[in-house]
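Reader: I have the sequence and the coordinates open. Take me through the fold by question and answer.

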Amino acid sequence: MRIDKFLKNSRIIKRRQVAKEACENGRVLINGNIAKPGSLVNEGDIIEVTFGKSNLKVKVTNLIDGAKKSTAEEMYEAIDG
């Protein structure tokens, strides 16, 4: 699954266009590497997203295409650090 679609489906970022722009501006990392909007995400990958002064670090646990609000949180688990 593409990183921009993953961020939208998991509800980490609300809109795919905003997720795409975050990737283009270098604010999204997959396993420590800067992600392009079309970069592929696999289960077990570590994703870091920078929101202004705060960072969110998550581990991908499940790839759900067209996830509902109730199942979106099953797609990742937060990591401290």
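The questions below go from confidence to the sheet, the core and two single residues.

Reader: What is the average pLDDT of the protein?

Author: This is a predicted model, so confidence comes first. Of the residues, 99% score at least 70. The average pLDDT is 94.

Reader: Which element has the lowest mean pLDDT, and which the highest?

Author: Where pLDDT is low, predicted coordinates should not be read in detail. Here the lowest element mean is 90, for α3. The highest is 97, and that belongs to β1.

Reader: What is the strand order of the open sheet, and which strands are at its edges?

Author: The sheet has five strands with antiparallel pairing. Their order is β2-β1-β3-β4-β5. Two strands pair on one side only. These edge strands are β2 (33-34) and β5 (76-78).

Reader: How many bridges join β1 to β3, and how many join β3 to β4?

Author: Strand β1 covers residues 28-30 and β3 covers residues 46-51; the two run antiparallel. In that pair, Val-28 faces Val-49, and Leu-29 stands opposite Glu-48. Strand β4 (residues 54-60) also runs antiparallel to β3. The counts are three bridges for β1 with β3 and six for β3 with β4.

Reader: Which residue takes a positive phi in the hairpin of β3 and β4?

Author: This hairpin has two residues between its strands. One residue there has a phi near 60°. That residue is Gly-52.

Reader: Which residues touch the most other members of the largest nonpolar core?

Author: Nonpolar side chains tend to be buried together in soluble globular proteins. The largest such core here has 19 residues. Helices α1 and α2 (16-24) and strands β1, β3 and β4 each supply at least two of them. The residues with the most core partners are Ile-3, Phe-6, Leu-7, Val-28 and Ile-47.

Reader: Which residue stands opposite Ile-47 in β4?

Author: Ile-47 is one of the residues that touch the most other core members. Beyond four places in sequence, its contacts include Ile-3, Phe-6, Val-28, Val-41 and Leu-56. Lys-57 and Val-60 are also among them. Opposite Ile-47 in β4 stands Val-58.

Reader: Is Asp-4 buried or exposed?

Author: Asp-4 is found in helix α1 (residues 3-9). Its relative accessibility is 2%. The cut-off for buried is under 20%. Therefore Asp-4 counts as buried.

Reader: Which side chains make polar contacts with the side chain of Asp-4?

Author: Outside its neighbours within four places in sequence, Asp-4 is in contact with Arg-16, Ala-19, Lys-20 and Pro-37. A polar contact of 3.4 Å joins the side chains of Asp-4 and Arg-16. Another, at 3.1 Å, links the side chain of Asp-4 to that of Arg-2. The side chains are those of Arg-16 and Arg-2.

Reader: Where is Thr-61, and what is its relative accessible area?

Author: Thr-61 is in the loop between β4 and α3 (69-72). From Lys-20 it is 41 residues away in sequence and 21 Å away in space, C-alpha to C-alpha. Thr-61 counts as partly exposed, because its relative accessible area is 29%.

Reader: Which backbone atoms does the side chain of Thr-61 reach, and at what distances?

Author: Not counting residues up to four places away in sequence, Thr-61 touches Glu-43, Glu-74, Met-75, Tyr-76 and Glu-77. Two of these contribute backbone atoms to polar contacts with the Thr-61 side chain. They are the oxygen of Glu-74 at 2.7 Å and the nitrogen of Tyr-76 at 3.3 Å.

Technical notes
Residues are numbered from 1 along each chain as its sequence is written. This is a predicted model: local features need pLDDT of at least 70, side-chain atom pairs count only at pLDDT 80 or more; totals for chains, interfaces and linings use all residues. Side-chain values use heavy atoms; hydrogens and water are left out. Helices (H or I, at least four residues) and strands (E, at least two) are DSSP runs, numbered from the N terminus. Buried means under 20% relative accessible area, exposed over 50%, partly exposed in between (1.4 Å probe, protein chains only). A polar contact is a pair of N or O atoms within 3.5 Å; within protein, one must be able to donate a hydrogen and the other to accept it, and residues adjacent in sequence count only if both atoms are side-chain atoms. Contact means heavy atoms within 4.5 Å. Two strands pair if DSSP finds at least two bridges between them. A nonpolar core is a set of buried Ala, Val, Leu, Ile, Met, Phe, Trp, Tyr and Cys residues joined through side-chain atoms within 4.5 Å. pLDDT is the predictor's confidence in each residue, from 0 to 100.
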